[in-house]
Amino acid sequence: MTGLNTVLILVGLFLAGGVYSFWKQGMPKGVVVLLGIGSVMCLVAGIMRIQGLWD
């Protein structure tokens with residue numbers, strides 16, 4: 001696992017925590033959706049790099 005994989009996964013998990021926090025605070029749904037999309041993109045990119053599917 002390289003440093004970029006670790007960073008992508010950590011950022012994705014951080015954003016996922018933000019999604020949960022924003023949802024509980026009653027933030028606008030658009031903000032929650034955009035944050036959720038960013039979280040999923042970071043996590044998928046990190047996992048794909050670990051699997052060697054994306055260089």
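**Exercise 1. Decide whether S39 is buried or exposed in this predicted model, and find what it touches.**

*Solution.* Start with the location: S39 sits in helix α2. Next, take its relative accessible area, which is 4%. The cut-off for buried is under 20%, so S39 counts as buried. Finally, look for its partners, leaving out residues up to four places away in sequence: S39 touches G12, L15 and A16. Two of these partners, G12 and L15, are themselves listed among the buried residues of α1.

**Exercise 2. Check whether the length of helix α1 agrees or disagrees with what its residue count leads you to expect.**

*Solution.* Helix α1 runs over residues 3-25, which makes 23 residues. The expected span is 1.5 Å times one less than the number of residues, so α1 should span 33 Å. Now turn to the model: the end C-alpha atoms of α1 are 33 Å apart, in agreement with the expected value. Step just past the end of the helix and you meet G26, with a positive phi of about 80°.

**Exercise 3. List the buried residues of α1 and name an element that covers them.**

*Solution.* Going along α1, the buried residues are N5, L8, I9, G12, L15, G18 and V19. To read the spacing in this list, recall that an α-helix has 3.6 residues a turn, so residues three or four places apart point the same way. As for the cover, it includes α2, residues 29-51. The contacts of S39 in α2 with G12 and L15 give you a place to look at this by eye.

**Exercise 4. Classify V7, M41 and R49 by exposure.**

*Solution.* Recall the remaining cut-offs: exposed is over 50%, and partly exposed lies between that and the buried limit.

- V7, in helix α1, has a relative accessible area of 46%, so V7 is partly exposed.
- M41, in helix α2, has 55%, so M41 is exposed.
- R49, also in helix α2, has 22%, so R49 is partly exposed.

Follow M41 one step further: together with V33, L34 and I37, M41 makes a nonpolar surface patch of about 420 Å².

**Exercise 5. Find how far apart in space two pairs of residues lie: V7 with C42, and R49 with L13.**

*Solution.* Take V7 and C42 to begin with: they are 35 residues apart in sequence, and their C-alpha atoms are 8.9 Å apart. Then take R49 and L13, 36 residues apart along the chain: here the C-alpha separation is 16 Å. For the chain as a whole, consider contacts with a separation of 6 or more: residues 24 or more positions apart account for 58% of them.

**Exercise 6. Compare the UniProt "transmembrane region" annotations with the model.**

*Solution.* The unreviewed UniProt entry lists residues 6-23 and 30-50 under this name. Check each span in turn. Residues 6-23 are 100% helix and 0% strand, with end C-alpha atoms 26 Å apart. Residues 30-50 are likewise 100% helix and 0% strand, and their end C-alpha atoms lie 30 Å apart.

**Exercise 7. Describe the protein chain as a whole: its elements, its dimensions and its surface.**

*Solution.* Begin with the elements: there are two helices and zero strands. Then the dimensions: along its principal axes, the C-alpha trace spans about 40 × 15 × 10 Å. Of the 55 residues, 25% count as buried. Last comes the surface: the accessible area is about 4000 Å², and carbon and sulfur atoms hold 76% of it.

How values were computed:
Residues numbered from 1 in each chain as written. Predicted model: local features only at pLDDT ≥ 70, side-chain atom pairs only at ≥ 80, totals over all residues. Heavy atoms only, no water. Helix = DSSP H or I, 4+ residues; strand = E, 2+ residues; numbered from the N terminus. Buried < 20%, exposed > 50% of the residue type's maximum accessible area, 1.4 Å probe, protein only. Contact = heavy atoms within 4.5 Å. UniProt positions renumbered as here; feature names shortened; annotations may be inferred. Patch = residues over 30% accessible without salt bridge, like charges linked within 9 Å, V, L, I, M, F, W, Y side chains within 5 Å. Areas by Shrake-Rupley, 256 points an atom, 1.4 Å probe, with all protein chains shown as cover. Salt bridge = Lys/Arg side-chain N within 4 Å of Asp/Glu carboxyl O.
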